[in-house]
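Student: Please take a close look at the enclosed empty space in this structure. Then set it in context with the open space and the surface.

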Amino acid sequence: MERDVVLTMEGVVADHHPVPPYADRDGCGWPVALELTAGEDWRSGYYDILLTDASGEETHHFVCIKPKAGTTGSKAVLVLATNTYHSYNWWGGANAYSNVTGLMTGKVPFDEAMDQAIGVLSTQRPFTQMIIAAPEGAPRLINMRKREFREKPWAANPEWMRKHHISPYDGSAGFLHKWEHAFAAWTESEGYVFDYVTDYDLDTDPDLLSAYTSAFFVGHSEYWSGNERAQVERFVDNGGYAAILSGNTCFWKVRWEDDGKTYVCHKWKGFTSEDVGAEKATHLWSHPAFKAPEAELTGLSFNFGGYHRLGMCVSRGSSGFTIYDDKHWALEGTDLFYGDQLGADVPLIGYESDGCLFEFGEDGLPKALTVGGVPANLEIIGIAPVTLGEDPESGYAPMIPPEKLDVIAEAIYGDGSEAMQKRLLRGHAMLASFQRGKGEVFNAGTTEWAHGLAAKDPFIETITRNVLNRFGVTKSKYVTSSVVG
């Protein structure tokens with residue numbers, strides 16, 4: 001993918017400004033240094049902003065250019081997972097997960113740092129650079145090989161992380177050289193055309209999707225606001241197509257305040273840190289208070305999925321789906337048959353995955369169980385074992401931050417007992433689709449689908465083309481780039 005440079009400016013006057021206390025929560029309050037208007041010929045896309053000072057030091061930010069009001073360049077839209085970007089951004093100290101600065105400096109122990117996570121985050125601050133501008137060749141969040149006999153577990157690429165002073169949260173969000181970037185590069189090389197919007201756009205413009213035939217969510221679309229979810233549900237029910245090439249999708253309910261200046265994401269503390277009704281509260285979408293488990297829209301849930309090839313989470317897993325329903329429309333022309341593996345060489349299953357409970361029918365094919373909002377008409381194409389956490393009795397020190405299994409078990413089963421928590425550790429990633437209302441949802445069930453496209457895996461490419469064609473994504477006569485500088 002080549003960069004299309006639309007604007008270069010020199011001599012921009014800047015100054016030094018102090019970082020105020022609690023900038024992560026309250027923002028920086030810095031004065032405006034530059035204002036500009038997007039050019040009439042700037043097409044919809046992700047725009048990388050590269051700032052270079054007199055000494056040659058560089059920093060990045062970005063903007064997303066939406067289509068002009070009343071116009072679209074495509075009938076398909078890529079929704080950038082910017083809520084996830086904000087949840088992981090720890091510039092100024094903390095994010096929705098922990099006191100990252102305290103953790104990275106060694107001043108705060110891990111458990112204490114997690115307790116110091118913040119649920120109110122300001123957008124009026126920079127992004128940490130490894131989130132917003134990871135270098136080319138940054139490692140994926142998956143162990144690229146299986147753990148050997150009695151080998152000590154590891155996660156991703158610890159040597160690279162130490163060399164580049166990476167926090168545990170830098171790889172989980174962002175565009176450049178990550179999931180959405182890989183998807184954009186592949187689709188553009190194939191000639192497919194997309195408009196670009198953000199999660200926040202779906203929150204503030206309730207009719208945005210009405211101009212489109214299909215909406216795509218790629219990589220790690222973990223955090224959805226109430227307005228965003230309601231719009232996507234209306235869109236699908238009215239005949240739209242939703243393609244979820246993502247894992248851990250729509251897991252957390254969040255909200256926006258102060259015209260986009262404040263992002264609220266209290267996660268597990270949603271009902272103890274907020275004095276608002278359920279319609280505004282933040283917590284798991286699957287929490288009974290909302291009566292709206294995400295699987296009703298996505299078909300799958302992280303509650304029934306989890307991790308694969310990361311630490312001791314299925315550390316010797318195949319990293320591929322085992323195919324069951326080889327007659328599904330998504331597999332047309334793939335040369336895949338019952339029992340074949342899809343994506344093991346990529347590897348395709350890793351980091352985070354979504355699934356459902358199931359049983360085998362009389363025809364020998366898996367049938368979804370309607371637990372946790374999973375629709376009865378879900379069509380399961382392929383399956384892979386994953387887990388929501390590491391076995392505490394494995395004999396190895398845990399490496400993956402633990403989920404609150406008692407809260408999830410209580411939300412899903414109404415039973416937070418130790419037995420039900422153990423049940424959550426035996427999950428499955430699913431490749432699946434289903435009809436909802438007049439529309440349809442395809443869910444790849446893994447964060448890593450775009451990396452299968454980047455690897456030019458012919459099976460994954462063929463399935464993706466089937467989805468794009470069925471969901472009405474058109475091709476351009478010209479191959480262009482949406483990643484610009």
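Tutor: A cavity is a set of grid points where a 1.4 Å probe fits but cannot get out. A volume is the space filled by probe spheres set on such points. Keep in mind that this is a predicted model.

Start with the count. One cavity of 30 Å³ or more is present. The largest cavity holds about 40 Å³ of space. Its wall is made by Ala81, Thr84, Tyr85, Ser172, Ala173, Gly174, Trp179, Glu180, Val218, Gly219 and His220. Three elements give two or more residues each to this lining: α2 (82-88), α7 (179-190) and β6 (214-219). Thr84 and Tyr85 fall within α2. Trp179 and Glu180 fall within α7. Val218 and Gly219 come from β6.

Now the chemistry of that wall. It divides into five nonpolar residues, five polar and one charged. Glu180 is the charged one. Tyr85 and Trp179 count as nonpolar, while Gly174 and Gly219 count as polar.

Next, the open space. The second largest pocket encloses about 1300 Å³. Its lining has 46 residues, and Phe110, Pro168, Tyr169, Ile400 and Pro401 are the closest to its centre. The elements that supply two or more lining residues are α3 (100-104), α4 (110-115), α6 (158-163), β12 (301-308) and β15 (351-355). The largest share, four residues, comes from α4. By class, the pocket lining holds 31 nonpolar residues, six polar and nine charged.

Then the outside. A nonpolar surface patch is formed by Leu7, Met9, Val12, Leu34 and Leu36. Together they have about 430 Å² of accessible area. Val12 sits in the segment before α1 (23-26). Its relative accessibility is 43%, so Val12 counts as partly exposed. The cut-offs are under 20% for buried and over 50% for exposed.

Asp53 gets that label too. It has a relative accessible area of 40% and is therefore partly exposed. Asp53 lies in the loop between β1 (45-52) and β2 (58-65). For scale, take Asp53 and Tyr263. They are 210 residues apart in sequence, and their C-alpha atoms are 30 Å apart in space.

Back to your main target. The largest cavity holds about 40 Å³, and α2, α7 and β6 each give two or more residues to its lining.

Technical notes:
Residues are numbered from 1 along each chain as its sequence is written. This is a predicted model: local features need pLDDT of at least 70, side-chain atom pairs count only at pLDDT 80 or more; totals for chains, interfaces and linings use all residues. Side-chain values use heavy atoms; hydrogens and water are left out. On a 1 Å grid over the protein atoms alone, a cavity is a set of points where a 1.4 Å probe fits but cannot get out, and a pocket is an open set with protein on both sides within 12 Å along at least five of seven lines; lining residues have an atom within 4 Å of a point. Patches are made of residues with over 30% relative accessible area and no salt bridge: like charges are joined within 9 Å, nonpolar side chains (Val, Leu, Ile, Met, Phe, Trp, Tyr) within 5 Å. Accessible areas come from the Shrake-Rupley method with a 1.4 Å probe; for residues, only the protein chains shown count as cover. A salt bridge is a side-chain nitrogen of Lys or Arg within 4 Å of a carboxyl oxygen of Asp or Glu. Buried means under 20% relative accessible area, exposed over 50%, partly exposed in between (1.4 Å probe, protein chains only).
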